[in-house]
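Let's work through a few short exercises together. Take a look at the sequence and the model first, then follow each solution step by step.

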Amino acid sequence: MTDTALLEVRDLSLSVKTDAGVARILDHIDFSIRRGEIVGLVGESGCGKSTVVRVLLGLLPKGAQIDSGRILFKGVDLLTLRPKDVARRIRGRSIGFIPQDPYQSFNPTFTVGKQMLEVLRWSGLPDEAPDTRWTRAVQARHRAKLIEMLEAVNIADPAGALERYPHQFSGGQRQRILIATVLACQPDLLLADEPTTALDVTTQMQILHLLRDLALDFGVAVMMVTHDFGVVAQLCDRVSVMYAGQTVETGTAHAVIHQPAHPYTERLIACHPDLSETIVGIPGQVSSPINPPMGCRFHPRCLIATDACADQRPVLRTLEGAHRVACLMREAAS
Amino acid sequence: MLRFIIIRLLLLIPVLLGLLLMTFVLLGLAEGDPAAAIAGDNATPEQIQRIREELGIDKPVIAQFGAYVVNVVQGDFGVSAYSNRAVGADIAQRLPATLELTFVSLLIAAVLGIGFGTLAALWRNSVFDYLVRIVSVAGLAMASFWIAIMLQLLFSMQLDLLPLRGRLPSGMEAPAVLTGSYLLDSLLTGRIDAFVQSLRHILLPALTISLGGIATIARFTRSAVVTTLQTEYTTYEEAAGFPRRRIVFPYALRNSLVTPVTQIGLLFGAFISSAVAVEAVFDWPGIGSYLVQAIFNSDFQAVLAVTLVIGAVYGLVNIAVDLAHALLDRRVAERL
Amino acid sequence: MLIFRKLLQDVPAVIGLLILIFATLIAIFPELLVDNLVAANRGNILLRLQPPGVDHWFGTDDLGRDLFARVVLGTRSAIIMAVVVVLAAMVIGVPLGLVAGYFDGVVSGFIMRVTDVVLAVPQLILAIAIAQILGKGQESAMIALAATYWPFFTRTVYSEARRVRSQLFIEALEGLGASRFRIMAFHILPNVAAPVLIRATVGMGFTILTAAVLGFLGVGATPPSPDWGLAISEGRKYLPEFWWYATFPGLAILLLVLGFNLLGDGLRDLVDPKLRRSR
């Protein structure tokens, strides 16, 4: 299994110095993504999902420091590369990014074409070497490719669309444009940071299915960051659940949704109207990373926690096949 | 875009008419009864009446105002009671010098202000940032005519580096008039000597006038760049692999320029104001020093004519600024 | 008072406040700094144009008057001008802005058109024209400055009043039958107080600068007033040998205007953090 993995994040911990103290934003994160598969990274807001995305792109937040772990991408540890090389060879080129809010992700003072061609300039088309000069011929080639991709995502009059300004497009159209652009570069891995939360419900599903279909066509692996198990159920092959900076459960989407092993996963799924008959919220909120609770970080909100949970930090243990969970109560049960 | 310009020009008309009305009233207040003044103390009522007819002030006020507007639109601001010269011709002859001075000042203010502001934002909380902050606070607190004198004292009188007054050394022939700007005209006619000299002459007055502008623009640019670098599209650009320098220029910068550019209209007003006293200090032969002379000679006609001309230029500059704003941010153009 | 305590944490604003307190003190009690006030107005031709030294900190002017004493005395006229002009402009501009902002219709349109016309020319230029017609002297300079500064208040109040008027609670009050005057005086006015206060603080600094230009150009204060602008225009004639004459009054302008600007910035930061300097 490991040898076919495109991305392997092992035991990743990261902390940030703030005025209030050192915050452990990521604590022993562990997951992997294979070529061409769609993996969900699920958790409430504030649990560190977006930080994972930033770290994978080599964009550490200010004052952040990696405490432990490895990020193996195509067998190379990204954390050992020089920032310059990550920028030149990885970011945008091998790892693409789709932002959360298409409304805010375009610079309002430039045409869509100018911005998207600039994206292609720095990520390059798949057959171009990293330092290809941005000649007129290359630009024309990029332009043609972009128009072709815009057609594929159903943007009417693609050539004209490039000359227009972002505010002249709807949110759904803007997200299609961003998807078209990132796929034009054919990265190996696509990081989608809650790509549909800013859109209205009917558009959300269209965009998600478009993204899935295109990812399959192009053979691009996707890491889908979301707080919504509905999205996972529809789209993902596998899923990794995060709570307060820790990986609490990973496995195939099917196994995790139908036999959730961690109490937090259970309750997240119970929040979703399509996946659960009775909707129950989770009381309380994600604990602060500055002074996290001792033991299992979820125990203050957990219904089945015992004294041991407040004491001892659970580690990921294999349940069955690839299904792994970090919960003392599960360990005791099996 | 053409529609935008036309609408803005049409909107300027009522404002300028209001301005004309104001100067008309002020002129009336200033002159009292000019017929009586011209006729002298021993004039009979009939003589005064004849002069009134000659001057056209026997007609109703509305008709007088109408005649005034017609005259002004044709560039006829009347004849100065002091010098007996046509005020319009004097102003037309001097306006280019003032425009050259203010536009060069604007250029200096824009280049230095945007440069300092951007660097201060990129090196936030560095020594440079604090320095820019201190200088920009002080720059707005200095009386421009005093700075003019201090610069003159230092660079012209003590160090003898730059000329004390005027547009060119006395005796040097001015370049042929093409645009009215000595800098451009001397370049266009290949008069390198005149170009170097006009540059040396314009440096101190333009720097004086631009000081407040540098401060304002640097300040707005800094805060705009800081804000822009925290937007989501900057994050997206980073994630898409844009190098830092491209994120800053042109992407963050064009966005950040929107606020400072909208300030330039106001700044132009401030520049014209400082130009009055600064021209007087440097003997710059523009309408500022003309205004000062007119004040000195109690020449109301000239004072009000300058007021009107500056109002018109100010209005046009503001339209140009709105146009620049619309070009920088298309959403503005569509709103109108 | 919480606002005041917050302001005291802002070092530049505190510096500005200290400058203003100091300036106000010596404007009221110039004898605190100057032993011999008479020397400020009566010259001694034998002591003309003395360089700065122990006897005369800032030197003496062309009539042998002590420049330090005159700069100190000039503080009073500068502060009086700033306060009178800004207060007068407020008294005219704020009610007009309230009316124009709260009501719709002809009157409101007329007020804003007049505002546009007055603002169509840079303030200084129009002030020069008016002061010139009113005749030389500090009073006409003050009238001219007030007559050209009120539209800034009208604009500020107008846009704030428009913003507040569109908020729900005003509609609710109207629905409850509150009188329009009450709504304006008790609900809209307090909301526009902060921007007006900031405008007034910065406006005083600005007025000192403009008044100095008027004095310098000879349409403001007349001799023997210790006006700073006037002093610079006199001192200019004695450059470069007698540099102190034109230098010190200009430094005094710088310091006082700096005080107003620093305080104004601090107040603006409290109300509108968008332009915050730190961060």
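**Exercise 1: A nonpolar patch**

Task: Find which residues make a nonpolar surface patch of about 750 Å².

Solution: Leu18(C), Ile21(C), Phe22(C), Leu25(C), Ile28(C), Phe29(C), Leu32(C) and Leu33(C) make this patch. A patch takes residues with over 30% relative accessible area and no salt bridge, joining nonpolar side chains (Val, Leu, Ile, Met, Phe, Trp, Tyr) within 5 Å. A salt bridge is a side-chain nitrogen of Lys or Arg within 4 Å of a carboxyl oxygen of Asp or Glu. Areas come from the Shrake-Rupley method with a 1.4 Å probe, and for residues only the protein chains shown count as cover.

This is a predicted model, where local features need pLDDT of at least 70, side-chain atom pairs count only at pLDDT 80 or more, and totals for chains, interfaces and linings use all residues. Residues are numbered from 1 along each chain as its sequence is written, chains are lettered from A in the order in which they are written, and side-chain values use heavy atoms, without hydrogens and water.

**Exercise 2: One patch member**

Task: Place Leu25(C) in its element and decide whether Leu25(C) is buried, partly exposed or exposed.

Solution: Start with helix α2 of chain C, residues 11-28, which holds Leu25(C). Helices are DSSP runs (H or I, at least four residues), numbered from the N terminus. Next, Leu25(C) is partly exposed because its relative accessibility is 40%; buried means under 20%, exposed over 50%, and partly exposed in between.

**Exercise 3: Chain neighbours**

Task: Which chains share the most contacts?

Solution: Of the two pairs in contact, chains B and C share the most, a contact being heavy atoms within 4.5 Å. No contact joins chain A and chain C, and their closest C-alpha atoms lie 14 Å apart.

Key. Patches are made of residues with over 30% relative accessible area and no salt bridge: like charges are joined within 9 Å, nonpolar side chains (Val, Leu, Ile, Met, Phe, Trp, Tyr) within 5 Å. Helices (H or I, at least four residues) and strands (E, at least two) are DSSP runs, numbered from the N terminus. Buried means under 20% relative accessible area, exposed over 50%, partly exposed in between (1.4 Å probe, protein chains only).
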